[in-house]
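I was asked to look through one structure and keep notes. These are my entries, in the order I made them.

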Amino acid sequence: MSRNWGVTITWLGHASVLYTDASGRSVVVDPWIEGNPSSPPAAKAMKRVDAIFITHGHGDHFGDVMPLAKRHGADIVCNYEISVYLAGKGIEKVHGMNKGGTIEAGGVKGTMVHAIHSSSIEEGGTQHYAGEPCGFVFEFEGGTRVYHAGDTGIFGDMKLIGELYRPAVAVLPIGDLYTMGVFEAAAAARMIGAKAIVPIHHGTFPALTGTPAALRDALRDAPGIEVVALKPGDSAS
Ligand code: NI
Ligand code: MN
């Protein structure tokens, strides 16, 4: 169903999201395909990846960054610390940045914003420091903005993000335990003020208990906010 967002949002399971603009340029956030129990065939079938944005170093967000970067020659956008790590692995076209900054990659402008979480890269059984976790506000061709929150708890400046960037869509984690649950995500949705919420980071493991149905229920008194529940591999635009 088209909601005239001007961008196609495809959920690739767990926290992986593919954004495709009107010109067919494709940006992937937090690719995790190998070992992702909810990865749909669409994730392996991606023919074009212009840029990869990374919110933090945890394996369920970072697992397929290097394979995808090598296969597609994509630009990579991430925090400074992860950029140094990737450059050390011989990955080219890595763009390190920090919160508050905006970069253009893959035809989209991405502004790095705050997230409350942790960030590390596991290698050889050891956790390596991987900078601060983040979210992104994307501005696509045509001007549509999407707030992709990354793994995060709720924080008051989500209201500021809503006021500053006026996103049409907010892509929020709802699974609980490692991120916001439904109770917090519903409050976050009210603060952000986007007309549509795309829930992610749910349904992958039994420990992630938040569901889109429960989020819809928690927002039943907010008819101006639509919960757009996708199945892995499904798109909305
Ligand atoms: Ni995480
Ligand atoms: Mn995660």
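The entries below cover two metal sites and one helix of a predicted model.

**Entry 1, nickel site.** I looked up which protein atoms hold the nickel ion (ligand 1). The donors are His56 through NE2, His58 through ND1, His117 through NE2 and Asp151 through OD, at 2.2 to 2.5 Å from the ion. I noted their spacing along the chain as H-x1-H-x58-H-x33-D. His56 sits in the loop between strand 4 (51-53) and helix 2 (59-62), while His117 sits in the loop between strand 8 (108-114) and strand 9 (120-123). The two are 61 residues apart, so I recorded the pair as a link between distant parts of the chain.

**Entry 2, geometry.** I checked the angles around the nickel ion (ligand 1). The four donor atoms subtend 86 to 178°, and therefore the arrangement is irregular. A tetrahedral site would need all angles between 85 and 135 degrees.

**Entry 3, accessibility at the nickel site.** Are His56 and His117 buried or exposed? His56 counts as buried because its relative accessibility is 0%. His117, at 25%, counts as partly exposed.

**Entry 4, manganese site.** I then turned to the manganese ion (ligand 2). Its protein donors are Asp60 (OD), His61 (NE2), Asp151 (OD) and His201 (NE2), which lie 2.1 to 2.3 Å from the ion. In sequence they are spaced D-H-x89-D-x49-H. His61 belongs to helix 2, and His201 to the loop between strand 14 (196-200) and helix 7 (212-218). I noted that this pair, 140 residues apart, links distant parts of the chain. His61 is buried at a relative accessible area of 0%, and His201 is buried at 1%.

**Entry 5, the shared donor.** Which residue bridges the two ions? I found that Asp151 coordinates both the nickel ion (ligand 1) and the manganese ion (ligand 2). The ions lie 3.2 Å apart.

**Entry 6, helix 3.** I looked up which residues of helix 3 (residues 65-72) are buried, and found Val65, Leu68 and Ala69. Seen down the helix axis, they fall within an arc of 100°, so they line one face. In an α-helix there are 3.6 residues a turn, so residues three or four places apart point the same way. On the other side of helix 3, Lys70 and Arg71 are exposed.

**Entry 7, neighbours of helix 3.** I listed what the buried residues of helix 3 pack against: strand 4, helix 2, strand 5 (75-79) and helix 4 (80-88). Just after helix 3, Gly73 takes a positive phi of about 60°.

Definitions and conventions:
Residues are numbered from 1 along each chain as its sequence is written. Chains are lettered from A and ligands numbered from 1 in the order in which they are written. This is a predicted model: local features need pLDDT of at least 70, side-chain atom pairs count only at pLDDT 80 or more; totals for chains, interfaces and linings use all residues. Side-chain values use heavy atoms; hydrogens and water are left out. Donors are N, O and S atoms within 2.8 Å of the metal (3.2 Å for Na, K and Ca); water is not among the atoms, so sites may look incomplete. Four donors count as tetrahedral if all angles lie between 85 and 135 degrees; four count as square planar and six as octahedral if opposite donors are over 155 degrees apart and all others between 65 and 115; anything else is irregular. Helices (H or I, at least four residues) and strands (E, at least two) are DSSP runs, numbered from the N terminus. Buried means under 20% relative accessible area, exposed over 50%, partly exposed in between (1.4 Å probe, protein chains only). The arc is that of the directions from the helix axis to the C-beta atoms. Contact means heavy atoms within 4.5 Å.
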